[in-house]
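Visitor: I should like a close look at a single part of this model, namely the place where two helices pack against each other. Please then set that part in its wider context.

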Amino acid sequence: MLPPSTGAKLAASAENFLITYGEARYASPPVSDRAFDCSYFVWLVIRTVNPHFDREASGAIAADRLRFQPVLGAPEAGDIVYFPPGPVPYEVKKGRKGNYPGHVAIMVSASEFIGMQSSGVGRVHVPDTWWWPRTKEFYRYIGPTQ
Amino acid sequence: MKLAPTIAFLVGISASVGNAAVNVDAIPMGNPQGTPEMFGTWTVTKVLCRDCAGRRPEEVGTKFTFAPTSFTDPFSITCANASYPNRAIPGDQVMKLFGSNLPKSAKNLIPQKGSVIDARLACDKGPVGRVLFLGDDKAIYLYEGEDYFIERAKTP
């Protein structure tokens with residue numbers, strides 16, 4: 001049997017941390033393992049395959065060509081979904097055209113991602129109305145593993 | 001004769017420091033079956049946004065249903081295998097926990113006395129949402145760009 005791929009390991013870690021950190025709240029900058037932001041969650045997940053991974057802000061992850069490769073086709077489990085800062089179509093439709101912060105999370109299947117959301121670590125089923133219509137990009141971790 | 005006031009002052013300082021030192025983040029969640037005050041039909045009666053200017057609150061009137069083993073969350077999913085891990089946190093600590101994340105319009109809704117129930121809406125393998133149950137059939141549903149003030153129907 002083939003060993004699990006890095007993506008499968010990352011998705012499994014995100015699933016585990018959904019439970020482990022289910023009580024955590026959103027806080028930026030991060031305060032502790034019980035109060036942190038979206039890029040901290042991704043850092044926690046990637047550390048499970050690379051304990052030396054340095055935490056990067058969401059925009060830095062999207063720009064890091066050494067450790068993250070853009071995914072051009074459909075995302076797979078373990079890929080990172082990145083929502084750049086910008087307007088949210090759901091809000092624009094309701095008259096609010098301001099920009100919202102960027103966000104980063106882990107895809108655990110083609111139709112779900114897990115991340116530190118405004119309400120805490122949670123699973124988001126997509127396509128949903130708030131996240132999925134946003135501009136989004138996918139990245140695959142290609143950095144070292146151990 | 002001045003001893004008593006001095007002691008009272010010291011006690012006051014001690015209580016104040018002790019309360020401030022409480023790590024509310026460390027209060028664990030339990031009781032995943034939820035509590036009766038959570039269950040029933042809840043309706044969005046107000047949108048709590050950081051900047052509501054120009055925003056049409058079309059979500060007002062949206063209904064949630066929370067039942068012991070299922071829930072319907074129009075902003076997330078309908079779940080047939082629900083749980084509600086929760087914890088009671090002192091009302092005066094809610095803004096400390098969620099202050100940077102809650103809109104200012106939520107602040108006045110948080111009771112400063114007594115406790116608030118901080119609950120996750122969990123389905124199968126983990127949480128998908130979060131609700132602060134304020135008591136008196138009032139609650140705040142935490143969402144992304146804004147939060148929703150929801151009220152429970154008197155006859156669920």
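Guide: In this predicted model, helix 1 of chain A and helix 2 of chain A are oblique to each other. That description follows from the angle at which the two helices pack, about 125°, because an angle over 145° would count as roughly antiparallel and one of 65 to 115° as roughly perpendicular. Helix 1 covers residues 6-20 of chain A and helix 2 covers residues 38-47, and their axes lie 9 Å apart. Two packed helices are described by the angle between their axes and the distance between the axes. The handedness can be added here: helix 1 of chain A and helix 2 of chain A cross in a right-handed sense.

The residues that make this contact can be named individually. Helix 1 of chain A contributes A:L10, A:S13, A:A14 and A:F17, while helix 2 of chain A contributes A:L44, A:V45 and A:I46. Sorted by class, the contact between these helices has six nonpolar residues, one polar residue and no charged residues.

The two helices belong to a chain whose secondary structure comes to four helices and ten strands. In sequence order, the pattern of chain A is α-β-β-α-α-β-β-β-α-β-β-β-β-β. The C-alpha trace of chain A spans about 50 × 35 × 25 Å along its principal axes. Its radius of gyration is 15 Å, which agrees with the value near 15 Å that a compact globule of 146 residues would have.

Beyond this pair of helices, chain A also meets a partner: 27 residues of chain A are in contact with 26 residues of chain B. On the chain B side, the elements that give two or more residues are helix 2 (94-98) and strand 8 (126-135) of chain B. Strand 8 of chain B gives the most, with five residues. By class, the side of chain B that touches chain A has ten nonpolar, seven polar and nine charged residues.

As to confidence, the predictor gives the complex an ipTM of 0.92 and a pTM of 0.90. For chain B the mean pLDDT is 85, and 85% of the residues of chain B reach 70 or more. Residues 1-19 of chain B form a stretch over which pLDDT stays under 50, and for these residues the model has zero contacts beyond four places in sequence.

Technical notes
Residues numbered from 1 in each chain as written. Chains lettered and ligands numbered in written order. Predicted model: local features only at pLDDT ≥ 70, side-chain atom pairs only at ≥ 80, totals over all residues. Contact = placed C-beta atoms within 7 Å. Nonpolar A, V, L, I, M, F, W, Y, C, P; charged D, E, K, R; others polar. Axes fitted to C-alpha atoms, helices over the stretch in contact; angles between N-to-C directions. Parallel < 35°, antiparallel > 145°, perpendicular 65-115°, else oblique. Left-handed = near helix turned anticlockwise from the far one by under 90°. pLDDT = per-residue confidence, 0-100. Rg over C-alpha atoms; globule rule 2.2 N^0.38 Å.
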